Amino acid sequence: MLIAGIIIAAIVILAVIGLAVKISGGKTKRKGIFYDHGKEIKRKGEIGENIVARILGNTVAGEQYVINNITFADSRGRSCQIDHIYINRHGIWVVETKNYSGRIYGCDGWREWTQILASGRERHKLYNPVKQNATHIYMLSKQLRERNVFQNLVVFLADADIANVRSSRVCGIGDLKRRINSDTGTFLSPVQMEKYYKRLLALKENSAISETEHIRNIEVLQNSIRLGICPRCGADLVLRNGHNGKFYGCAKYPGCNFTKNI
């Protein structure tokens, strides 16, 4: 009877746990409250973007122009979401914010970077943010019909250790202000700055794409890469030989320089 009672009690406990998981929809319970990992990541991302937006400041006519959180779609229905656009005399800075913690390992050529947490016991892969931002710039260049005015910059907040990131397009939050005011070899006049700002602001204001649609478009693009289709221009990805071995590159190179490691 005792054994039977223990078995019944165990079954009841497992049933309760199963019901709780079902009710929570796969959410984790912390301090008595269920929370959604996806929402937590989104909230942390928004905090990071707000910090960067404060550092970039507001639009000052003739000196700098700022647009935060712009989402748009091109004529083929592909969409992209850009955290910040900052225009000054050094160019159009397309800024991607990453509010990550832990040690980050990566370089421009890698398709995936690595995030290491908990003294090396926990590892995560993330898509190369420099390549991610390069796709944003490609889509913006098609909208403005300009290619040589953009600057690619990825900003990590203070919780991230980026000592092992080998990229001139990455900086920490403490270096952001200096980077966007550094010489790039590009010079925009006040008239050009205002012209680009108005066109990009109109692009943001006229966009009717929702967050759900944008997420769906990302899934389509990821699937196209798996099928050997360039996510930027729609051309085939072809096998090429490089200094570091074989890789897949866009068939329309040098017009499109998208690459994918094998």
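Glu112 has Tyr127 of strand S8 as its bridge partner. Strands here are DSSP runs of E with at least two residues, helices are runs of H or I with at least four, and both are numbered from the N terminus. The model is predicted, so local features need pLDDT of at least 70 and side-chain atom pairs count only at pLDDT 80 or more, while totals for chains, interfaces and linings use all residues. Residues are numbered from 1 along each chain as its sequence is written, and side-chain values use heavy atoms, with hydrogens and water left out.

Strand S7 covers residues 112-117. Its neighbour S8 (residues 122-127) runs antiparallel to S7, and 6 bridges join them; two strands count as paired if DSSP finds at least two bridges between them. Another partner pair is Gln115 with His124 in S8. The two strands form a hairpin with 4 residues between them, and Ala118 in that turn has a positive phi of about 50°.

S7 is also joined to strand S6 (residues 102-107), by 3 bridges and again antiparallel. Here Arg103 stands opposite Ile116, and a hairpin of 4 residues links S6 to S7.

The wider arrangement is an open sheet of 4 strands in the order S8-S7-S6-S10, with mixed pairing. S8 and S10 (160-166) are the edge strands, each pairing on one side only. From one strand to the next the twist averages 20°, with axes fitted to C-alpha atoms, for helices over the stretch in contact, and angles from 0 to 180 degrees between N-to-C directions.

Helix H3 (residues 129-144) packs on this sheet, touching S7 and S8, and its direction makes about 20° with that of S8; contact means heavy atoms within 4.5 Å.

How values were computed. Buried means under 20% relative accessible area, exposed over 50%, partly exposed in between (1.4 Å probe, protein chains only).
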